[in-house]
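Reader: I should be grateful for a close look at a single part of this model, set in the context of the rest. Please give the cut-off behind each term as it arises.

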Amino acid sequence: MKKLLFIALIMLQFSVSAQEETAPQNMSYNDMLNKQVEQLQLTGAEKDSFISISKKYYDKAVEVKNSSVSRNEKFQELKSLMKGKDDELQAALSPASYSTYKEMQKENREKVKRAYRHLNAIQE
């Protein structure tokens, strides 16, 4: 169960890094990226790099998610992808923007944990 939670956390980071709790559930990936760019206050080259890197890793994560490998292998691949994405973003963004991005990731992890706990409470 914990592995499943970690996989969900990683996938969420790729697809919903800045989604607010009040945002519609059917928000497209491009809409979420634009919202992240707005929250990070990115412009010019940083914005282009952020979008390009995010889309590249999102596409890779979807491939891993849809692959037929074991959950453990998916987890390891997604973890590796997340590390690669973070490394590329750290090089592409200013220190302040990257710090804000990492803070957004922490907040989203907490949202996923709360949602997971809420779902478990409903099922009991």
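**Helix H4 and its partners**

Author: Asp87 and Lys83 form a salt bridge, with their closest N and O atoms 3.0 Å apart; the term denotes a side-chain nitrogen of Lys or Arg within 4 Å of a carboxyl oxygen of Asp or Glu. The model is a predicted one, in which local features need pLDDT of at least 70 and side-chain atom pairs count only at pLDDT 80 or more, while totals for chains, interfaces and linings use all residues. Residues are numbered from 1 along each chain as its sequence is written, and side-chain values use heavy atoms, with hydrogens and water left out.

Both partners of this first pair belong to helix H4 (residues 71-92), where they stand four residues apart, about one turn of the helix. Helices (H or I, at least four residues) and strands (E, at least two) are DSSP runs, numbered from the N terminus. Asp87 has a relative accessibility of 38% and therefore counts as partly exposed, given that buried means under 20% relative accessible area, exposed over 50%, and partly exposed in between (1.4 Å probe, protein chains only).

The adjoining position offers a second pair. Asp86 meets Lys102 in a salt bridge, at 2.9 Å from N to O. This pair links distant parts of the chain, since Asp86 lies in helix H4 and Lys102 in helix H5 (residues 95-123), 16 residues apart. Asp86 is buried, because its relative accessible area is 10%, whereas Lys102, at 26%, is partly exposed.

Within H5 there is a further pair. Glu110 and Lys113 form a salt bridge whose closest N and O atoms are 3.7 Å apart. They are three residues apart in H5, so about one helical turn separates them. Glu110, at 35% relative accessibility, is partly exposed, and so is Lys113, with a relative accessible area of 28%. The structure holds four salt bridges, including these.

How do H4 and H5 pack, and at what angle? Two packed helices are described by the angle between their axes and the distance between the axes. For H4 and H5 the angle is about 150° and the axes are 9 Å apart; axes are lines fitted to C-alpha atoms, for helices over the stretch in contact, and angles run from 0 to 180 degrees between N-to-C directions. H4 is therefore roughly antiparallel to H5: angles over 145 degrees count as roughly antiparallel, under 35 as roughly parallel, 65 to 115 as roughly perpendicular, and the rest as oblique. On the H4 side the contact (heavy atoms within 4.5 Å) is made by Lys85, Asp86, Leu89 and Gln90, and on the H5 side by Tyr98, Tyr101, Lys102 and Gln105. Asp86 and Lys102 of the second salt bridge thus recur in this contact. The contact comprises three nonpolar, two polar and three charged residues; Ala, Val, Leu, Ile, Met, Phe, Trp, Tyr, Cys and Pro count as nonpolar, Asp, Glu, Lys and Arg as charged, and the others, Gly among them, as polar.

H4 also packs on helix H3 (residues 44-66), the axes coming within 10 Å and crossing at roughly 175°. H3 and H4 are therefore roughly antiparallel to each other. Among the H3 residues in this contact are Phe50, Ile53, Tyr57, Ala61 and Val64, and among those of H4 are Leu78, Leu81, Gly84, Lys85 and Leu89. By class, the contact of H3 with H4 has nine nonpolar, three polar and eight charged residues. Lys85 and Leu89 appear in the contact with H5 and in that with H3.

The buried residues of H4 are Lys74, Phe75, Leu78, Leu81, Met82, Gly84, Lys85, Asp86 and Leu89. In H3, the buried residues include Phe50, Ile53, Tyr57, Ala61 and Val64. H4 has 22 residues and reaches 31 Å from its first C-alpha to its last, close to the 32 Å expected at 1.5 Å a residue; the expected span is 1.5 Å times one less than the number of residues. The 23 residues of H3 should span 33 Å, and the end C-alpha atoms are 33 Å apart, which agrees.

For the wider setting, the chain has five helices and zero strands. Of its 124 residues, 37% count as buried. Residues 24 or more positions apart account for 63% of the contacts with a separation of 6 or more.
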